[in-house]
Amino acid sequence: MVEHSEQHGRRPANDGPKAAARNRSALVTAAREVFAEHGLEAPLSAIARRAGVGQGVLYRHFPDRAAAVAAVLEENVRQIEQEAAGRDATFAGVLGVLTWHLADSAAFIGLLHAERVGSRSGIRRHVLGLSERVERALRRHLPAEHRLSAGDDLPLAVAMVSAAVIGPTRAERELRALAAWRLLGVEVGPVRAVGE
């Protein structure tokens, strides 16, 4: 009879790809929270601690800060696209998810001001690509007669609202975002994360 390895004090067998996927998901969630609370310069060790993994696991998934920020931004954009792809999606509803991310993530606000990204072409190209994906998701449901449908009015409005999103707490940032949309005369659906 073979005894289970945990009975001898050894670690259980590695779950391989399942553990890697779980760790990556936990790291992205932790990075979003840590960046929201402490800004983009927060220590990466805080992300590993919050995710409940060692620093080696963190660096296996995200070799540097830019990779961690990019993963959070990619997830934010993916959630906005997911909302836009929903069968009952509306422009106001997609704006509600966008606004949730604005209130939650300083990194996401930076994405929407892609023109400020430094001259390193690879990073700039990546950030511009993500920003364009957000705009496409919004335009998918933007009625032709909407006040933001002309020219560059939509990305300009999003940039203006994102610039207004300041404050020490998430609740304050959300209130400022909603006030900015209201000043622009734009209706926003419930401010929520995808799946809530």
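**Salt bridges, core and helix packing in a predicted model**

Let me begin with arginine 78, which forms a salt bridge with glutamate 75, their closest N and O atoms lying 2.5 Å apart. I should say at once that the model is predicted. Both residues belong to helix α4, where three positions, about one turn of the helix, separate them. Arginine 78 has a relative accessible area of 36% and is therefore partly exposed.

This pair belongs to a structure that holds nine salt bridges. Two others centre on arginine 133. The side chain of arginine 133 meets that of glutamate 81 in a salt bridge, at 2.7 Å from N to O. Because arginine 133 lies in helix α7 and glutamate 81 in helix α4, this salt bridge ties together parts of the chain that are 52 residues apart in sequence. Arginine 133 also meets the side chain of glutamate 74 in a salt bridge, here at 3.0 Å from N to O. That pair, too, links distant parts of the chain: glutamate 74 is in helix α4, arginine 133 is in helix α7, which covers residues 121–139, and 59 residues separate them.

Are these partners buried or exposed? Arginine 133 has a relative accessible area of 19%, under the 20% limit, and so counts as buried. Glutamate 74, at 29%, is partly exposed, and glutamate 81, at 26%, is partly exposed as well. Elsewhere, salt bridges with shared partners join Arg32, Asp104, Arg170 and Glu174 into one network.

I turn now to the nonpolar interior. In soluble globular proteins, nonpolar side chains tend to be buried together. Here the largest nonpolar core has 49 residues, and those with the most contacts inside it are Ile47, Leu98, Leu138 and Trp181. Helix α4, residues 65–85, supplies the largest share of this core, with eight residues.

What does tryptophan 181 touch, leaving aside its neighbours within four places in sequence? Its contacts are Leu95, Leu98, Thr99, Leu148, Ala157, Val158, Val161, Val186 and Val188.

Finally, the helix packing. Helix α8, residues 153–164, packs against helix α9, residues 170–183, at an angle of about 145°, and their axes are 8 Å apart. The crossing of α8 past α9 is right-handed. From α8, the contact is made by Ala157, Val158, Val161 and Ala164; from α9, by Arg176, Ala177, Ala180 and Trp181. By class, this contact has seven nonpolar residues, one charged residue and no polar residues.

Notes
Residues are numbered from 1 along each chain as its sequence is written. This is a predicted model: local features need pLDDT of at least 70, side-chain atom pairs count only at pLDDT 80 or more; totals for chains, interfaces and linings use all residues. Side-chain values use heavy atoms; hydrogens and water are left out. Axes are lines fitted to C-alpha atoms, for helices over the stretch in contact, and angles run from 0 to 180 degrees between N-to-C directions. Helices (H or I, at least four residues) and strands (E, at least two) are DSSP runs, numbered from the N terminus. A crossing is left-handed if the near helix is turned anticlockwise from the far one by less than a right angle, and right-handed if clockwise. Contact means heavy atoms within 4.5 Å. Ala, Val, Leu, Ile, Met, Phe, Trp, Tyr, Cys and Pro count as nonpolar, Asp, Glu, Lys and Arg as charged, and the others, Gly among them, as polar. A nonpolar core is a set of buried Ala, Val, Leu, Ile, Met, Phe, Trp, Tyr and Cys residues joined through side-chain atoms within 4.5 Å. Buried means under 20% relative accessible area, exposed over 50%, partly exposed in between (1.4 Å probe, protein chains only). A salt bridge is a side-chain nitrogen of Lys or Arg within 4 Å of a carboxyl oxygen of Asp or Glu.
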